[in-house]
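Q: Please take a close look at one part of this structure, the charged side chains that meet in salt bridges. Which residues take part, and where do they sit?

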Amino acid sequence: MSKNKGKILGVTVLSSTVLLSGCGLFGAETKKKIDPPKSMTVVDKDVSKETTAKEKAQAENTVKTELYLVDKNGYVVPQTLALPKTTSVAKQALEYLVANGPVDEMLPNDFKAVLPEDTDLTVDVKEGVATVNFSKEFKNYEPKDEMKILQSVTWTLTQFNNVKSVKLKMNGHPLTEMPVNGTPISENLSRASGINFDTKDVVDITNTKPMTVYYIGGEEGAYYYVPVTRRVNNSEKDNYAAVVNELIKGPNDQSLVSQFMSDVKLLEAPKYEDGKVTLNFNENIFGSFEEKEISQSLLDALVLSLTEQQGVEKVAIQVNGKAELKNDKGKKLSEPVTRPEKVNTGSF
């Protein structure tokens with residue numbers, strides 16, 4: 001499997017290092033002399049102020065919410081959209097997963113909502129459990145979309161701090177299986193159930209455990225992080241090392257890529273203390289050997305993946321035991337990196 005997917009990322013491979021210009025993946029840009037403009041446009045200050053005020057008012061009346069939508073490759077992917085402020089954030093989030101509903105005008109290119117058209121719903125959150133009651137229209141979906149619906153609903157709701165798990169009903173009756181194709185529904189759906197399952201090359205699934213890591217999907221100008229649940233052998237006792245190894249292995253699907261090259265290695269076992277995981281890599285984690293920089297998108301994928309592990313809140317990076325590092329934007333990584341508040345807020 002090739003991680004350097006020329007078709008999607010449009011990259012050039014040089015000395016086993018991926019270089020991508022202008023997208024923030026490895027920050028490798030060629031500087032060019034730019035001629036000064038022959039004319040200048042004068043911006044009316046009043047118009048500028050009016051636009052700023054309008055944007056500020058809009059920001060005050062909306063709240064950024066992760067909606068788990070389906071991309072053109074069939075992956076369930078978080079997309080952060082600005083939704084109107086409401087006291088019923090969980091219910092609103094699911095309403096924006098309904099096809100041909102209010103989300104239609106906001107959908108990113110090649111994305112679609114997963115809940116059947118005209119589905120009504122209620123959400124009741126008690127003691128960390130969100131119980132969703134769907135109307136009868138909920139069953140009007142294609143059988144192939146069954147797992148995507150379960151994952152989209154579960155991961156959209158569990159973005160909220162007061163929701164740890166999800167229960168489903170239809171017309172007031174508890175659902176133990178999906179109504180069309182009969183996919184079993186666990187009593188309490190959670191992120192531990194996984195998302196975008198990759199079981200390729202897994203011979204004995206009973207001897208494995210799920211591990212969710214983040215790869216990169218999309219295309220130039222519209223890249224985004226995609227959570228994928230891999231199966232790791234139960235003999236692997238160090239979950240943090242297992243996450244890193246899955247990122248290094250890269251995805252099986254060529255529509256996704258990993259920022260980690262195959263020669264990246266951990267020099268010692270990860271260390272965990274008070275919510276922080278410390279990782280010590282060899283120099284091959286540098287996106288630019290000359291500048292000794294670490295790709296910010298690599299850091300984001302690493303932090304997103306590790307913070308899916310229970311109890312992990314931030315990640316500290318070392319190279320050859322040294323912590324004085326910087327990302328490809330020149331920012332010093334003097335402090336541990338925390339998980340972004342929202343995922344996929346725009347192209348990177």
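A: K91 is partly exposed, with a relative accessible area of 28%. This is a predicted model, and the values below are computed from it. The side chain of K91 meets that of E95 in a salt bridge, with 2.3 Å from N to O. E95 is partly exposed too, at a relative accessible area of 30%. Both residues belong to helix α3, and because they are 4 residues apart there, about one helical turn separates them. Helix α3 covers residues 89-95.

A second pair lies in another helix. K249 and E246 are 3 residues apart in helix α5, which spans residues 239-249, so they too are separated by about one helical turn. Their side chains meet in a salt bridge of 3.1 Å, N to O. Are the two partners buried or exposed? K249 counts as exposed, at 53% relative accessibility, because the cut-off for exposed is over 50%. E246 counts as buried, at 5% relative accessibility, because buried means under 20%. This pair is also part of something wider: D198, R230, E246 and K249 are linked in a network of salt bridges.

A third pair is made by E283 and K292, whose side chains meet in a salt bridge of 3.6 Å, N to O. E283 is partly exposed, with a relative accessible area of 34%. K292 counts as partly exposed as well, at 39% relative accessibility. These three pairs are examples; how many salt bridges are there in the structure? The count comes to 12 salt bridges.

Some charged residues appear in a patch instead. D104, E105, E117, D118 and D120 gather on the surface in a patch of negative charge. The patch is made of residues without a salt bridge, so its members stand apart from the pairs described above. One of them, E105, is placed in the loop between α3 and β5, the latter covering residues 121-126. E105 is exposed, with a relative accessible area of 82%. Helix α3, which holds the pair of E95 and K91, is therefore the element on one side of the loop in which E105 is found.

For contrast, here is a contact between rings. F134 and F138 have ring centres 4.0 Å apart and planes at 5°, so this pair is stacked. F134 is buried, with a relative accessible area of 1%, and F138 is buried at 0%. Together with Y141, they form one aromatic cluster.

How values were computed:
Residues are numbered from 1 along each chain as its sequence is written. This is a predicted model: local features need pLDDT of at least 70, side-chain atom pairs count only at pLDDT 80 or more; totals for chains, interfaces and linings use all residues. Side-chain values use heavy atoms; hydrogens and water are left out. Rings of Phe, Tyr and Trp (its six-membered ring) pair if their centres lie within 6.5 Å; planes under 30 degrees apart count as stacked, over 60 as edge-to-face and the rest as tilted. Buried means under 20% relative accessible area, exposed over 50%, partly exposed in between (1.4 Å probe, protein chains only). Patches are made of residues with over 30% relative accessible area and no salt bridge: like charges are joined within 9 Å, nonpolar side chains (Val, Leu, Ile, Met, Phe, Trp, Tyr) within 5 Å. Accessible areas come from the Shrake-Rupley method with a 1.4 Å probe; for residues, only the protein chains shown count as cover. A salt bridge is a side-chain nitrogen of Lys or Arg within 4 Å of a carboxyl oxygen of Asp or Glu. Lys and Arg count as positive and Asp and Glu as negative; His and the chain ends are not counted. The place of a charge is taken as NZ of Lys, CZ of Arg, CG of Asp or CD of Glu. Helices (H or I, at least four residues) and strands (E, at least two) are DSSP runs, numbered from the N terminus.
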